[in-house]
Amino acid sequence: MRSVLYAIVILAAPVGAVQAQQWTPPPAELIERARRILQSVPIIDGHNDIPSKLLEHAAGDPDKADLSKSQPQFHTDFARLRQGG
């Protein structure tokens, strides 16, 4: 069993060694096309991390995290929602 584990580690090692390719921006035509599409079909990010962050930082108890004040460890708090952020 141990030799199988070693074989897996040895075979998987080159995968981690592959360097990530550097990001290059898309062509300007694609950017303009995306902007035109977004004018008529906007994307709304409805993700909210409050439930998972409450579990992580406040043991799931909303009373332990005052969301009326800035909570930098959360993506959302009411103070930033009021500011439009």
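# Reading helix 3 and its surroundings

Analyst: Before anything else, a word on confidence: this is a predicted model, with a mean pLDDT of 78 for the protein and 76% of its residues at 70 or more.

User: Where is confidence lowest, and where is it highest?

Analyst: Helix 1 (residues 2-17) is at the bottom with a mean of 54, while helix 2 (residues 28-40) tops the list at 93. Let's work on helix 3 and what follows.

User: Fine. How do I read the sides of a helix, and which residues of helix 3 are buried?

Analyst: The general idea first: an α-helix has 3.6 residues a turn, so residues three or four places apart point the same way. Now the case here: Ile-50, Lys-53, Leu-54 and Ala-58 are the buried residues of helix 3. Looking down the helix axis, these buried residues fall within an arc of 105°, so they line one face of helix 3.

User: And which exposed residues sit on the face turned away from the buried side?

Analyst: That face of helix 3 carries Pro-51, Leu-55 and Glu-56.

User: Which residues make up the largest nonpolar core?

Analyst: There are 6 of them: Ile-50, Leu-54, Ala-58, Ala-65, Leu-67 and Phe-74. Take Leu-54, which is in helix 3. Leu-54 counts as buried because its relative accessibility is 9%, under the 20% cut-off.

User: What does Leu-54 contact beyond its neighbours within four places in sequence?

Analyst: Its partners on that count are Ala-59, Gly-60, Asp-61, Pro-62, Ala-65 and Phe-74. You can also check a C-alpha distance: Leu-54 and Lys-64 are 10 residues apart along the chain, and their C-alpha atoms are separated by 8.4 Å. For Ala-58, with the neighbours within four places again left out, the contacts are Lys-53, Lys-64 and Ala-65.

User: What happens just after helix 3?

Analyst: A backbone angle to look at: Ala-59 takes a positive phi of about 50° there. Ala-59 is a residue other than glycine with that positive value. Ala-59 belongs to the loop between helix 3 and helix 4. Is this residue buried or exposed? Exposed, because its relative accessible area is 61%, over the 50% cut-off.

User: Now the charged side chains. How many salt bridges does the structure hold?

Analyst: It holds 4. Let me walk you through some of them, pairing each with the accessibility of its partners. In helix 3, Lys-53 bridges to Glu-56, with the closest N and O atoms 3.8 Å apart.

User: Why are Lys-53 and Glu-56 separated by about one helical turn?

Analyst: Because they are 3 residues apart in helix 3. Their accessibilities are worth reading too: Lys-53 is buried at a relative accessible area of 18%, whereas Glu-56 counts as exposed at 55%.

User: What about the salt bridge between Lys-69 and Asp-66?

Analyst: Their side chains meet at 3.8 Å, N to O. Lys-69 counts as exposed, with 53% relative accessibility, and Asp-66 as partly exposed, with 33%.

User: And how far apart are the closest N and O atoms of Arg-80 and Asp-77?

Analyst: They are 2.8 Å apart in that salt bridge. Arg-80 is partly exposed, with a relative accessible area of 24%. Asp-77 is buried, with a relative accessible area of 1%.

User: Which residues does Gln-71 touch, not counting those up to four places away in sequence?

Analyst: Ala-65, Asp-66, Asp-77 and Arg-80. So you meet both partners of the Arg-80 to Asp-77 bridge again here, along with Asp-66 from the bridge to Lys-69. Gln-71 lies in the loop between helix 3 and helix 4 and is buried, with a relative accessible area of 12%. Its side chain also makes a polar contact with the side chain of Gln-73, at 3.0 Å.

User: One more loop residue, then. Is Thr-76 buried or exposed?

Analyst: Buried, because its relative accessible area is 13%, under the 20% cut-off. Thr-76 is found in the loop between helix 3 (50-58) and helix 4 (78-83). Set aside the neighbours within four places in sequence, and Thr-76 is in contact with Asn-48, Asp-49, Ile-50, Leu-67 and Leu-81. Two of these names, Ile-50 and Leu-67, also appear in the largest nonpolar core.

Key: Residues are numbered from 1 along each chain as its sequence is written. This is a predicted model: local features need pLDDT of at least 70, side-chain atom pairs count only at pLDDT 80 or more; totals for chains, interfaces and linings use all residues. Side-chain values use heavy atoms; hydrogens and water are left out. A nonpolar core is a set of buried Ala, Val, Leu, Ile, Met, Phe, Trp, Tyr and Cys residues joined through side-chain atoms within 4.5 Å. Buried means under 20% relative accessible area, exposed over 50%, partly exposed in between (1.4 Å probe, protein chains only). Contact means heavy atoms within 4.5 Å. Helices (H or I, at least four residues) and strands (E, at least two) are DSSP runs, numbered from the N terminus. A polar contact is a pair of N or O atoms within 3.5 Å; within protein, one must be able to donate a hydrogen and the other to accept it, and residues adjacent in sequence count only if both atoms are side-chain atoms. pLDDT is the predictor's confidence in each residue, from 0 to 100. The arc is that of the directions from the helix axis to the C-beta atoms.
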